[in-house]
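This report follows one buried position outward, to its helix and then to the nonpolar cores.

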Amino acid sequence: MALSRPALITLTALAPVSWGTTYAVTTEFLPPDRPLFTALVRALPAGLLLLALARVLPRGAWWWKAGVLGALNIGAFFPLLFLAAYRLPGGLAAVVGSAGPLFVAGLSALLLGQRPSARTLVTGAVAAFGVSLVVLRAAGALDTLGLLAAVASTASMSTGTVLTKRWGRPEGVGPLALTGWQLTAGGLLIAPLAFLAEGAPPALDGRALGGYLYLALANTALAYWLWFRGIGRMTATQVTFLGPLSPLTAAVVGWAALGQALTPVQLVGMGLAFGATVAGQFVTRPSRTLDYARRNARTEPADLRDGPAVV
């Protein structure tokens, strides 16, 4: 069944909206101070489940490509994100993450031959500024390691997004299998880090099991399938402009479920960030360089060549 472009954007947007609930679920349901174990439980079971559903394994060069994408989008991204969140004050990690559209615009120029328009750059800056109004708080000195981790996590996910777009999918392989490959590869990379840094898994009660079940199924398996499916049918820049919905959702959940107040400045920031997210879906579609188009015209799946209008 074909989807209209608004329906495609809406479904893809459910991914960052889901990720925006991660903080509330983690603080309210899960054992404290186990970020790597949480990342492992999010990634590996979800990846194995999708592999079982897809029943397709990588072949040829896709073994290493799936490993690279899994490392960038999951295996490196999750630990770096958690490290930044624990060490940086006042939501600064979310602000750095909201600069993802600018990272993707630059990487698309290098790897996809797409020059970012001035409108794309301005819209990306407005999105980052809006998120900063929502999440930043007064704080002391910045932690250098935390700041580097935040930048590295954003660069990792942005590179993974652009490479996912550049490489497409093998013929006959759908986004379900591609997502499963990446989550499994990323989870296998996280596993030794989790056990070395945090030791044996913690004891889990029913509340924690429910939280982990939500994170693995809805927050990761479903959300990442929607995300990578969107990457295959939209431009990398359009997809990454949906990213600011994650901190905005976290702010709304904090207000609605955790009793956190929203100030007028935060509401203005939410309006700016959401407006930039919407505007990011209408930025001018950049043209590929002739060299890139020639290299990929016969190797990309049809849905990548034809653009995002209809799925």
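Thr-249 counts as buried because its relative accessibility is 14%, where buried means under 20% relative accessible area with a 1.4 Å probe, protein chains only. The model is predicted: local features need pLDDT of at least 70, side-chain atom pairs count only at pLDDT 80 or more, and totals for chains, interfaces and linings use all residues. Residues are numbered from 1 along each chain as its sequence is written, and side-chain values use heavy atoms, with hydrogens and water left out.

Thr-249 sits in helix α13, residues 245-257. Helices here are DSSP runs (H or I, at least four residues), numbered from the N terminus. Beyond neighbours within four places in sequence, Thr-249 contacts Val-17, Gly-20 and Thr-21; contact means heavy atoms within 4.5 Å.

Other residues of α13 are buried too, including Leu-245, Ala-251 and Gly-254. Their cover includes the helices tabulated here.

| Covering helix | Residues |
|---|---|
| α1 | 5-19 |
| α6 | 92-97 |
| α8 | 118-135 |
| α14 | 264-279 |

After α13 comes Gly-259, with a positive phi near 75°.

Now the cores. A nonpolar core is a set of buried Ala, Val, Leu, Ile, Met, Phe, Trp, Tyr and Cys residues joined through side-chain atoms within 4.5 Å. The largest has 31 residues; Trp-19 is among the six that touch the most other members. α3 gives this core its largest share, 7 residues. Apart from it lies another core of 15 residues, among them Ala-251.

Notes
Helix = DSSP H or I, 4+ residues; strand = E, 2+ residues; numbered from the N terminus. Buried < 20%, exposed > 50% of the residue type's maximum accessible area, 1.4 Å probe, protein only.
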